[in-house]
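Morning, everyone. Please have the sequence and the structure open in front of you.

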Amino acid sequence: MDNQELWQCVLSDIELSVSKANFNTWFRDTAIYTREGNAVVVSVPSSFTKEWLENKFNKFILKSLRELNSEIKEVKFIVYTNQENISQNNNLITKKKKQIFKKPENQLQLKVLNKDAENNLNLKYTFDTFVVGSSNELAHAAAKSVTKNLGTIYNPLFIYGGSGLGKTHLLQSIGNNILKQDSSKKVKYLSAEKFSSEMISAIQCGEMEKFKNKYRKIDLLIIDDIQFLSGKEKTQEEFFHTFNALYEKNKQIIISSDRPPKAIKTLEDRLRSRFEGGMIADVSYPDFETRLAILKFKVASKEIILSEDIMSYIAENFKRNIRELEGALNKVIMQMNILGDKKISLNSVKKTLSSESEMPKKIINIKQILKIVANFYDVEEKQLIQRIRRQEIVRPRQIAMFLLRNEYKASFPTIGSKMGGRDHTTVIHACEKINNELKTNNMLAEEINLIKQRLYT
Ligand code: ADP
Ligand code: MG
(Lines give C-alpha, C1' and ligand atoms only; values in the text may rest on other atoms or scores of the structure.)
(Ligands and ions follow the chains in the order given, each with its own letter.)
Protein backbone atom coordinates (compact mmCIF):
# COMPACT_ATOMS: atom_id res chain seq x y z
CA MET A 1 0.00 0.00 0.00
CA ASP A 2 1.53 3.33 -0.95
CA ASN A 3 1.31 6.47 1.19
CA GLN A 4 -1.59 7.79 -0.73
CA GLU A 5 -3.66 4.66 -0.32
CA LEU A 6 -2.65 4.38 3.28
CA TRP A 7 -3.80 7.89 4.09
CA GLN A 8 -6.97 7.36 2.11
CA CYS A 9 -7.81 4.40 4.33
CA VAL A 10 -7.05 6.36 7.46
CA LEU A 11 -9.24 9.23 6.32
CA SER A 12 -12.12 6.93 5.52
CA ASP A 13 -11.72 5.37 8.91
CA ILE A 14 -11.72 8.69 10.67
CA GLU A 15 -14.60 9.98 8.65
CA LEU A 16 -16.73 7.18 9.97
CA SER A 17 -15.89 8.03 13.56
CA VAL A 18 -15.99 11.80 13.85
CA SER A 19 -18.65 14.33 12.97
CA LYS A 20 -18.64 15.74 9.48
CA ALA A 21 -17.81 19.20 10.76
CA ASN A 22 -14.86 17.88 12.72
CA PHE A 23 -13.66 15.91 9.78
CA ASN A 24 -13.81 18.84 7.40
CA THR A 25 -12.15 21.15 9.85
CA TRP A 26 -9.24 19.03 10.83
CA PHE A 27 -8.57 16.64 8.00
CA ARG A 28 -9.07 18.66 4.89
CA ASP A 29 -5.81 19.16 2.99
CA THR A 30 -3.89 16.63 4.98
CA ALA A 31 -1.70 13.98 3.41
CA ILE A 32 1.15 11.68 4.21
CA TYR A 33 4.23 13.66 3.38
CA THR A 34 6.80 10.99 3.89
CA ARG A 35 7.77 7.97 5.93
CA GLU A 36 10.78 8.11 8.21
CA GLY A 37 11.58 4.62 9.41
CA ASN A 38 8.72 3.65 11.67
CA ALA A 39 7.27 7.13 11.68
CA VAL A 40 4.68 8.55 9.35
CA VAL A 41 4.93 12.25 8.66
CA VAL A 42 1.62 13.91 7.97
CA SER A 43 1.45 17.32 6.37
CA VAL A 44 -1.23 19.71 7.59
CA PRO A 45 -2.20 23.18 6.41
CA SER A 46 -1.72 25.22 9.60
CA SER A 47 0.06 25.13 12.91
CA PHE A 48 -3.31 25.31 14.58
CA THR A 49 -4.38 22.10 12.87
CA LYS A 50 -1.05 20.58 13.73
CA GLU A 51 -1.51 21.29 17.40
CA TRP A 52 -5.05 20.07 17.38
CA LEU A 53 -4.23 16.82 15.62
CA GLU A 54 -1.29 16.23 17.92
CA ASN A 55 -3.35 16.73 21.01
CA LYS A 56 -6.67 15.26 20.08
CA PHE A 57 -6.22 12.83 17.26
CA ASN A 58 -2.74 11.50 17.59
CA LYS A 59 -3.76 8.21 19.19
CA PHE A 60 -6.65 7.74 16.86
CA ILE A 61 -4.57 8.32 13.75
CA LEU A 62 -1.83 6.06 15.00
CA LYS A 63 -4.28 3.33 15.81
CA SER A 64 -5.81 3.58 12.41
CA LEU A 65 -2.42 3.56 10.70
CA ARG A 66 -1.28 0.59 12.73
CA GLU A 67 -4.32 -1.40 11.80
CA LEU A 68 -3.19 -1.08 8.23
CA ASN A 69 0.49 -1.44 8.85
CA SER A 70 1.69 -2.74 12.17
CA GLU A 71 5.23 -1.54 11.58
CA ILE A 72 4.21 2.06 12.07
CA LYS A 73 5.08 3.23 15.55
CA GLU A 74 4.72 6.98 15.46
CA VAL A 75 2.95 9.85 13.72
CA LYS A 76 4.49 13.27 13.26
CA PHE A 77 2.92 16.35 11.81
CA ILE A 78 4.43 19.08 9.70
CA VAL A 79 2.92 22.31 8.58
CA TYR A 80 2.91 23.62 5.09
CA THR A 81 1.27 26.90 4.22
CA ASN A 82 1.73 27.13 0.51
CA GLN A 83 4.39 25.58 -1.62
CA GLU A 84 7.74 26.28 -0.01
CA ASN A 85 6.53 27.98 3.13
CA ILE A 86 6.87 25.09 5.43
CA SER A 87 6.71 26.03 9.06
CA GLN A 88 10.01 27.49 10.16
CA ASN A 89 10.21 25.85 13.53
CA ASN A 90 9.77 22.45 12.11
CA ASN A 91 12.96 20.58 12.56
CA LEU A 92 11.57 17.38 11.23
CA ILE A 93 12.31 17.90 7.65
CA THR A 94 15.63 18.44 6.09
CA LYS A 95 16.27 21.17 3.62
CA LYS A 96 16.37 18.76 0.78
CA LYS A 97 12.94 17.46 1.52
CA LYS A 98 11.63 20.99 1.78
CA GLN A 99 12.55 21.47 -1.81
CA ILE A 100 10.68 18.48 -2.98
CA PHE A 101 7.70 19.51 -1.03
CA LYS A 102 6.21 21.80 -3.59
CA LYS A 103 3.37 21.81 -5.95
CA PRO A 104 3.20 18.17 -6.94
CA GLU A 105 2.60 17.35 -3.33
CA ASN A 106 -0.31 19.71 -3.21
CA GLN A 107 -1.79 18.10 -6.24
CA LEU A 108 -1.38 14.72 -4.70
CA GLN A 109 -3.53 15.76 -1.79
CA LEU A 110 -6.26 16.93 -4.06
CA LYS A 111 -6.16 13.63 -5.81
CA VAL A 112 -6.42 11.81 -2.53
CA LEU A 113 -9.60 13.66 -1.67
CA ASN A 114 -11.02 13.32 -5.16
CA LYS A 115 -10.68 9.63 -5.09
CA ASP A 116 -12.57 9.59 -1.88
CA ALA A 117 -15.26 11.79 -3.35
CA GLU A 118 -15.68 9.47 -6.27
CA ASN A 119 -16.76 6.26 -4.64
CA ASN A 120 -16.21 6.75 -0.91
CA LEU A 121 -14.89 3.25 -0.53
CA ASN A 122 -12.40 2.33 2.15
CA LEU A 123 -9.91 -0.16 0.76
CA LYS A 124 -9.56 -1.92 4.08
CA TYR A 125 -13.02 -3.44 3.80
CA THR A 126 -12.72 -6.53 1.65
CA PHE A 127 -14.12 -10.04 1.62
CA ASP A 128 -10.64 -11.28 2.48
CA THR A 129 -10.81 -9.60 5.85
CA PHE A 130 -14.40 -10.58 6.61
CA VAL A 131 -14.70 -13.61 8.85
CA VAL A 132 -17.75 -15.72 8.11
CA GLY A 133 -19.73 -17.39 10.89
CA SER A 134 -23.30 -18.49 11.46
CA SER A 135 -24.37 -14.96 12.38
CA ASN A 136 -23.45 -13.48 9.03
CA GLU A 137 -23.18 -16.33 6.54
CA LEU A 138 -26.42 -15.61 4.73
CA ALA A 139 -25.59 -11.92 4.30
CA HIS A 140 -22.07 -12.85 3.23
CA ALA A 141 -23.29 -15.39 0.67
CA ALA A 142 -25.76 -12.91 -0.73
CA ALA A 143 -23.07 -10.25 -0.93
CA LYS A 144 -20.74 -12.63 -2.73
CA SER A 145 -23.31 -13.65 -5.26
CA VAL A 146 -24.09 -10.03 -5.99
CA THR A 147 -20.47 -9.56 -7.01
CA LYS A 148 -20.87 -12.38 -9.51
CA ASN A 149 -24.24 -11.32 -10.85
CA LEU A 150 -24.32 -7.57 -10.65
CA GLY A 151 -27.83 -6.21 -10.98
CA THR A 152 -29.37 -9.48 -11.98
CA ILE A 153 -30.19 -11.81 -9.14
CA TYR A 154 -30.48 -10.06 -5.80
CA ASN A 155 -31.69 -6.60 -6.58
CA PRO A 156 -31.86 -4.78 -4.33
CA LEU A 157 -29.82 -6.52 -1.68
CA PHE A 158 -30.97 -5.35 1.73
CA ILE A 159 -28.76 -6.15 4.72
CA TYR A 160 -29.90 -5.34 8.22
CA GLY A 161 -28.70 -5.80 11.79
CA GLY A 162 -27.52 -4.00 14.91
CA SER A 163 -24.62 -1.66 15.02
CA GLY A 164 -21.06 -2.94 14.88
CA LEU A 165 -22.03 -6.27 13.33
CA GLY A 166 -20.35 -5.82 9.97
CA LYS A 167 -22.88 -4.23 7.64
CA THR A 168 -20.64 -1.44 6.43
CA HIS A 169 -17.77 -3.88 6.05
CA LEU A 170 -19.86 -6.18 3.84
CA LEU A 171 -21.31 -3.37 1.77
CA GLN A 172 -17.94 -1.86 1.08
CA SER A 173 -16.43 -5.26 0.30
CA ILE A 174 -18.92 -5.62 -2.52
CA GLY A 175 -17.97 -2.21 -3.90
CA ASN A 176 -14.25 -2.89 -3.68
CA ASN A 177 -14.65 -6.30 -5.24
CA ILE A 178 -16.61 -4.94 -8.20
CA LEU A 179 -13.95 -2.32 -8.85
CA LYS A 180 -11.25 -4.93 -8.62
CA GLN A 181 -12.98 -6.97 -11.31
CA ASP A 182 -13.60 -3.97 -13.51
CA SER A 183 -12.25 -0.59 -12.60
CA SER A 184 -14.39 1.14 -15.19
CA LYS A 185 -17.55 0.34 -13.25
CA LYS A 186 -19.16 3.31 -11.57
CA VAL A 187 -19.55 2.48 -7.92
CA LYS A 188 -20.83 4.81 -5.28
CA TYR A 189 -21.04 4.19 -1.56
CA LEU A 190 -22.66 6.66 0.76
CA SER A 191 -24.74 6.86 3.87
CA ALA A 192 -28.40 7.72 3.52
CA GLU A 193 -27.61 10.78 5.57
CA LYS A 194 -25.10 11.94 3.01
CA PHE A 195 -27.47 11.17 0.15
CA SER A 196 -30.04 13.33 1.87
CA SER A 197 -27.70 16.24 2.51
CA GLU A 198 -26.33 16.11 -1.04
CA MET A 199 -29.84 16.24 -2.33
CA ILE A 200 -30.78 19.18 -0.14
CA SER A 201 -27.80 21.17 -1.23
CA ALA A 202 -28.53 20.31 -4.86
CA ILE A 203 -32.01 21.74 -4.39
CA GLN A 204 -30.63 24.84 -2.74
CA CYS A 205 -28.14 25.41 -5.54
CA GLY A 206 -30.71 24.69 -8.22
CA GLU A 207 -28.66 21.69 -9.35
CA MET A 208 -31.21 18.98 -9.06
CA GLU A 209 -30.79 17.92 -12.68
CA LYS A 210 -27.09 17.44 -12.13
CA PHE A 211 -27.77 15.47 -8.98
CA LYS A 212 -30.22 13.22 -10.77
CA ASN A 213 -27.91 12.62 -13.68
CA LYS A 214 -25.01 11.80 -11.44
CA TYR A 215 -26.92 9.11 -9.61
CA ARG A 216 -28.53 7.67 -12.66
CA LYS A 217 -25.22 6.88 -14.28
CA ILE A 218 -24.08 4.57 -11.53
CA ASP A 219 -23.60 0.81 -11.96
CA LEU A 220 -23.60 -0.02 -8.28
CA LEU A 221 -25.22 2.24 -5.70
CA ILE A 222 -24.62 1.38 -2.06
CA ILE A 223 -26.64 3.25 0.54
CA ASP A 224 -25.70 2.64 4.16
CA ASP A 225 -28.05 3.11 7.13
CA ILE A 226 -31.22 3.75 5.16
CA GLN A 227 -33.22 4.02 8.41
CA PHE A 228 -32.00 7.59 8.40
CA LEU A 229 -34.56 8.35 5.71
CA SER A 230 -37.36 7.47 8.08
CA GLY A 231 -39.76 10.44 8.12
CA LYS A 232 -37.85 12.33 5.42
CA GLU A 233 -40.46 12.30 2.73
CA LYS A 234 -38.76 14.45 0.18
CA THR A 235 -35.56 12.44 0.26
CA GLN A 236 -37.51 9.21 0.10
CA GLU A 237 -39.31 10.48 -2.92
CA GLU A 238 -36.09 11.28 -4.73
CA PHE A 239 -34.49 8.07 -3.62
CA PHE A 240 -37.47 6.20 -4.98
CA HIS A 241 -36.98 7.77 -8.39
CA THR A 242 -33.24 7.12 -8.34
CA PHE A 243 -33.94 3.57 -7.28
CA ASN A 244 -36.39 2.98 -10.10
CA ALA A 245 -34.18 4.56 -12.71
CA LEU A 246 -31.30 2.27 -11.72
CA TYR A 247 -33.44 -0.78 -11.19
CA GLU A 248 -35.01 -0.53 -14.61
CA LYS A 249 -31.58 -0.46 -16.18
CA ASN A 250 -30.56 -3.54 -14.18
CA LYS A 251 -28.12 -1.57 -12.11
CA GLN A 252 -27.35 -3.00 -8.71
CA ILE A 253 -28.60 -1.36 -5.52
CA ILE A 254 -27.45 -2.39 -2.07
CA ILE A 255 -28.94 -1.05 1.11
CA SER A 256 -28.29 -1.49 4.79
CA SER A 257 -30.37 -0.66 7.80
CA ASP A 258 -30.43 -1.27 11.51
CA ARG A 259 -33.75 -3.07 11.13
CA PRO A 260 -35.80 -4.91 8.48
CA PRO A 261 -37.84 -2.84 5.99
CA LYS A 262 -41.06 -3.75 7.79
CA ALA A 263 -39.81 -2.17 10.98
CA ILE A 264 -38.79 1.15 9.47
CA LYS A 265 -41.91 2.95 10.53
CA THR A 266 -42.20 6.00 8.35
CA LEU A 267 -40.95 4.47 5.16
CA GLU A 268 -43.17 5.03 2.18
CA ASP A 269 -45.00 1.85 1.26
CA ARG A 270 -43.76 1.87 -2.30
CA LEU A 271 -40.15 2.02 -1.11
CA ARG A 272 -40.76 -0.70 1.42
CA SER A 273 -42.25 -2.99 -1.18
CA ARG A 274 -39.31 -2.25 -3.47
CA PHE A 275 -36.93 -3.33 -0.73
CA GLU A 276 -38.96 -6.40 0.03
CA GLY A 277 -38.94 -7.34 -3.62
CA GLY A 278 -35.22 -8.09 -3.51
CA MET A 279 -33.08 -10.16 -1.21
CA ILE A 280 -33.19 -9.44 2.52
CA ALA A 281 -30.46 -10.85 4.75
CA ASP A 282 -29.58 -10.12 8.33
CA VAL A 283 -26.39 -10.01 10.35
CA SER A 284 -26.92 -10.99 13.96
CA TYR A 285 -24.80 -11.40 17.06
CA PRO A 286 -21.75 -13.55 16.51
CA ASP A 287 -21.53 -16.64 18.68
CA PHE A 288 -18.45 -17.45 20.71
CA GLU A 289 -16.80 -19.45 17.93
CA THR A 290 -17.20 -16.65 15.44
CA ARG A 291 -15.91 -14.08 17.90
CA LEU A 292 -12.89 -16.22 18.55
CA ALA A 293 -12.34 -16.75 14.84
CA ILE A 294 -12.49 -13.00 14.25
CA LEU A 295 -9.95 -12.39 16.98
CA LYS A 296 -7.62 -15.06 15.62
CA PHE A 297 -7.86 -13.58 12.18
CA LYS A 298 -7.13 -10.07 13.40
CA VAL A 299 -4.26 -11.21 15.58
CA ALA A 300 -2.70 -13.10 12.69
CA SER A 301 -2.87 -10.06 10.47
CA LYS A 302 -1.21 -7.88 13.07
CA GLU A 303 1.89 -9.97 13.52
CA ILE A 304 1.57 -10.33 17.24
CA ILE A 305 1.27 -13.35 19.47
CA LEU A 306 -1.60 -13.85 21.85
CA SER A 307 -2.18 -17.16 23.62
CA GLU A 308 -5.35 -19.16 23.16
CA ASP A 309 -6.57 -18.42 26.68
CA ILE A 310 -6.19 -14.68 26.17
CA MET A 311 -8.17 -14.77 22.96
CA SER A 312 -10.85 -16.92 24.61
CA TYR A 313 -11.00 -14.46 27.46
CA ILE A 314 -11.57 -11.53 25.11
CA ALA A 315 -14.10 -13.44 23.00
CA GLU A 316 -15.98 -14.45 26.13
CA ASN A 317 -16.17 -10.96 27.54
CA PHE A 318 -16.96 -8.81 24.52
CA LYS A 319 -20.17 -10.11 23.10
CA ARG A 320 -22.16 -7.09 22.18
CA ASN A 321 -20.69 -6.48 18.79
CA ILE A 322 -17.63 -6.86 16.64
CA ARG A 323 -16.62 -3.25 16.90
CA GLU A 324 -16.20 -3.64 20.64
CA LEU A 325 -14.45 -6.93 20.24
CA GLU A 326 -11.96 -5.22 17.95
CA GLY A 327 -11.68 -2.31 20.35
CA ALA A 328 -10.73 -4.66 23.18
CA LEU A 329 -8.13 -6.37 21.05
CA ASN A 330 -6.65 -3.05 20.00
CA LYS A 331 -6.44 -1.99 23.60
CA VAL A 332 -4.45 -5.09 24.44
CA ILE A 333 -2.15 -4.53 21.49
CA MET A 334 -1.64 -0.92 22.48
CA GLN A 335 -0.73 -2.06 25.97
CA MET A 336 1.78 -4.56 24.56
CA ASN A 337 3.35 -1.79 22.53
CA ILE A 338 3.61 0.55 25.45
CA LEU A 339 5.20 -2.10 27.61
CA GLY A 340 7.32 -3.36 24.76
CA ASP A 341 5.87 -6.73 25.63
CA LYS A 342 6.22 -9.60 23.21
CA LYS A 343 4.16 -11.98 25.28
CA ILE A 344 1.54 -10.54 27.52
CA SER A 345 0.00 -12.56 30.36
CA LEU A 346 -3.68 -13.31 30.81
CA ASN A 347 -3.65 -11.40 34.07
CA SER A 348 -2.39 -8.21 32.58
CA VAL A 349 -4.91 -8.54 29.75
CA LYS A 350 -7.63 -8.83 32.37
CA LYS A 351 -6.30 -5.76 34.06
CA THR A 352 -6.08 -3.80 30.83
CA LEU A 353 -9.63 -4.66 29.92
CA SER A 354 -11.10 -4.64 33.39
CA SER A 355 -12.71 -1.22 33.17
CA GLU A 356 -14.80 -2.47 30.29
CA SER A 357 -15.43 -6.10 31.08
CA GLU A 358 -16.44 -5.48 34.67
CA MET A 359 -19.09 -3.19 33.37
CA PRO A 360 -20.64 -5.33 30.68
CA LYS A 361 -23.69 -3.14 30.81
CA LYS A 362 -23.95 0.57 30.85
CA ILE A 363 -26.07 1.77 33.74
CA ILE A 364 -29.47 2.46 32.31
CA ASN A 365 -32.46 4.17 33.82
CA ILE A 366 -36.19 3.99 33.30
CA LYS A 367 -36.30 7.20 31.31
CA GLN A 368 -33.68 5.89 28.86
CA ILE A 369 -35.58 2.67 28.30
CA LEU A 370 -38.78 4.55 27.52
CA LYS A 371 -36.98 6.95 25.28
CA ILE A 372 -35.23 4.27 23.28
CA VAL A 373 -38.35 2.14 22.89
CA ALA A 374 -40.38 5.17 21.80
CA ASN A 375 -37.67 6.15 19.39
CA PHE A 376 -37.37 2.66 17.99
CA TYR A 377 -41.08 2.38 17.26
CA ASP A 378 -41.42 5.96 16.16
CA VAL A 379 -43.99 6.89 18.78
CA GLU A 380 -43.85 9.65 21.34
CA GLU A 381 -42.58 8.87 24.79
CA LYS A 382 -45.63 10.28 26.47
CA GLN A 383 -47.88 8.05 24.38
CA LEU A 384 -46.34 5.06 26.11
CA ILE A 385 -47.54 6.44 29.43
CA GLN A 386 -50.94 7.70 28.32
CA ARG A 387 -54.04 5.55 28.02
CA ILE A 388 -54.06 5.09 24.29
CA ARG A 389 -55.33 1.76 23.10
CA ARG A 390 -54.21 1.83 19.51
CA GLN A 391 -52.24 -1.27 18.66
CA GLU A 392 -49.25 0.71 17.37
CA ILE A 393 -48.90 2.20 20.87
CA VAL A 394 -50.00 -0.78 22.96
CA ARG A 395 -47.31 -2.98 21.51
CA PRO A 396 -44.34 -0.67 22.20
CA ARG A 397 -45.78 -0.04 25.63
CA GLN A 398 -45.78 -3.76 26.42
CA ILE A 399 -42.25 -4.06 25.14
CA ALA A 400 -41.19 -1.15 27.32
CA MET A 401 -42.68 -2.88 30.35
CA PHE A 402 -40.99 -6.11 29.41
CA LEU A 403 -37.63 -4.36 29.16
CA LEU A 404 -38.14 -2.47 32.41
CA ARG A 405 -38.71 -5.81 34.07
CA ASN A 406 -35.94 -7.77 32.38
CA GLU A 407 -33.24 -5.18 31.90
CA TYR A 408 -33.88 -2.68 34.68
CA LYS A 409 -35.18 -5.35 37.10
CA ALA A 410 -37.89 -3.06 38.37
CA SER A 411 -40.73 -4.56 40.39
CA PHE A 412 -44.16 -4.93 38.78
CA PRO A 413 -45.76 -2.22 40.94
CA THR A 414 -42.90 0.20 40.23
CA ILE A 415 -43.26 -0.39 36.51
CA GLY A 416 -47.00 0.15 36.82
CA SER A 417 -46.57 3.45 38.56
CA LYS A 418 -43.88 4.67 36.15
CA MET A 419 -46.05 3.73 33.21
CA GLY A 420 -48.78 6.17 34.10
CA GLY A 421 -50.17 4.57 37.26
CA ARG A 422 -51.17 1.25 35.78
CA ASP A 423 -52.05 -1.73 37.91
CA HIS A 424 -49.28 -4.27 38.52
CA THR A 425 -51.43 -7.04 37.02
CA THR A 426 -51.41 -5.12 33.73
CA VAL A 427 -47.62 -5.15 33.83
CA ILE A 428 -47.49 -8.86 34.60
CA HIS A 429 -49.84 -9.54 31.73
CA ALA A 430 -47.70 -7.47 29.35
CA CYS A 431 -44.47 -9.21 30.37
CA GLU A 432 -46.03 -12.65 30.02
CA LYS A 433 -47.44 -11.80 26.66
CA ILE A 434 -44.10 -10.66 25.30
CA ASN A 435 -42.32 -13.59 26.91
CA ASN A 436 -44.68 -16.06 25.28
CA GLU A 437 -44.53 -14.44 21.95
CA LEU A 438 -40.77 -14.39 21.99
CA LYS A 439 -40.78 -18.18 21.85
CA THR A 440 -42.29 -18.22 18.40
CA ASN A 441 -41.87 -14.77 16.89
CA ASN A 442 -38.39 -14.30 15.50
CA MET A 443 -39.11 -10.85 14.26
CA LEU A 444 -40.02 -9.73 17.77
CA ALA A 445 -36.89 -11.32 19.18
CA GLU A 446 -34.87 -9.46 16.61
CA GLU A 447 -36.54 -6.16 17.46
CA ILE A 448 -35.90 -6.63 21.14
CA ASN A 449 -32.28 -7.48 20.45
CA LEU A 450 -31.88 -4.32 18.45
CA ILE A 451 -33.46 -2.25 21.19
CA LYS A 452 -31.19 -3.82 23.78
CA GLN A 453 -28.25 -3.03 21.67
CA ARG A 454 -29.25 0.60 21.61
CA LEU A 455 -29.64 0.54 25.34
CA TYR A 456 -26.15 -0.67 25.93
CA THR A 457 -24.13 1.06 23.27
P1 ADP B 1 -21.91 -1.89 11.16
O2 ADP B 1 -21.84 -1.16 9.86
O3 ADP B 1 -22.84 -3.06 11.13
O4 ADP B 1 -22.19 -0.99 12.31
P5 ADP B 1 -19.11 -2.35 10.70
O6 ADP B 1 -19.16 -2.95 9.34
O7 ADP B 1 -18.69 -0.93 10.80
O8 ADP B 1 -20.49 -2.54 11.44
O9 ADP B 1 -18.16 -3.27 11.60
C10 ADP B 1 -17.55 -2.82 12.79
C11 ADP B 1 -16.13 -3.30 12.83
O12 ADP B 1 -16.10 -4.71 12.98
C13 ADP B 1 -15.35 -2.96 11.58
O14 ADP B 1 -14.04 -2.62 11.92
C15 ADP B 1 -15.36 -4.27 10.80
O16 ADP B 1 -14.22 -4.41 9.98
C17 ADP B 1 -15.37 -5.30 11.89
N18 ADP B 1 -16.10 -6.50 11.49
C19 ADP B 1 -17.44 -6.67 11.48
N20 ADP B 1 -17.77 -7.91 11.06
C21 ADP B 1 -16.61 -8.54 10.81
C22 ADP B 1 -16.29 -9.85 10.35
N23 ADP B 1 -17.23 -10.77 10.10
N24 ADP B 1 -14.98 -10.16 10.19
C25 ADP B 1 -14.03 -9.26 10.47
N26 ADP B 1 -14.26 -8.03 10.91
C27 ADP B 1 -15.54 -7.64 11.08
MG1 MG C 1 -22.20 0.86 9.49
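I'll take a sheet, then the helices on it, then a pair of helices. One caution up front: this is a predicted model.

Start with the sheet. It is open, has five strands, and pairs in the parallel sense. Reading across, the strand order is 5-6-7-4-8. Which strands sit at the edges? Strand 5, residues 187-191, and strand 8, residues 279-282. Each of those pairs on one side only. On average, neighbouring strands in this sheet are turned by 15° against each other, ignoring direction.

Now zoom in on one pairing. Strand 6 covers residues 220-224, and strand 7 covers residues 252-257. Four bridges join them, in the parallel sense. To find your place, look at Leu-221: opposite, in strand 7, stands Ile-253.

Next, the helices on this sheet. Helix 7, residues 167-181, lies across strands 4, 5, 6 and 7. Against strand 6, helix 7 runs at about 165°. Helix 8, residues 192-204, also packs on the sheet. What does helix 8 touch? Strand 5 and strand 6. Its direction makes about 95° with that of strand 5.

Last stop: helix 20, residues 424-440, and helix 21, residues 442-456. Two packed helices are described by the angle and the distance between their axes. Here the axes come within 6 Å and cross at roughly 115°. Helix 20 brings Ile-434, Glu-437, Leu-438 and Thr-440 to the contact. Helix 21 brings Asn-442, Leu-444, Ala-445 and Ile-448. By type, the contact has five nonpolar residues, two polar and one charged.

That's the tour. Questions, please.

Terms used: Residues numbered from 1 in each chain as written. Chains lettered and ligands numbered in written order. Predicted model: local features only at pLDDT ≥ 70, side-chain atom pairs only at ≥ 80, totals over all residues. Heavy atoms only, no water. Pairing = 2+ DSSP bridges. Helix = DSSP H or I, 4+ residues; strand = E, 2+ residues; numbered from the N terminus. Axes fitted to C-alpha atoms, helices over the stretch in contact; angles between N-to-C directions. Contact = heavy atoms within 4.5 Å. Nonpolar A, V, L, I, M, F, W, Y, C, P; charged D, E, K, R; others polar.
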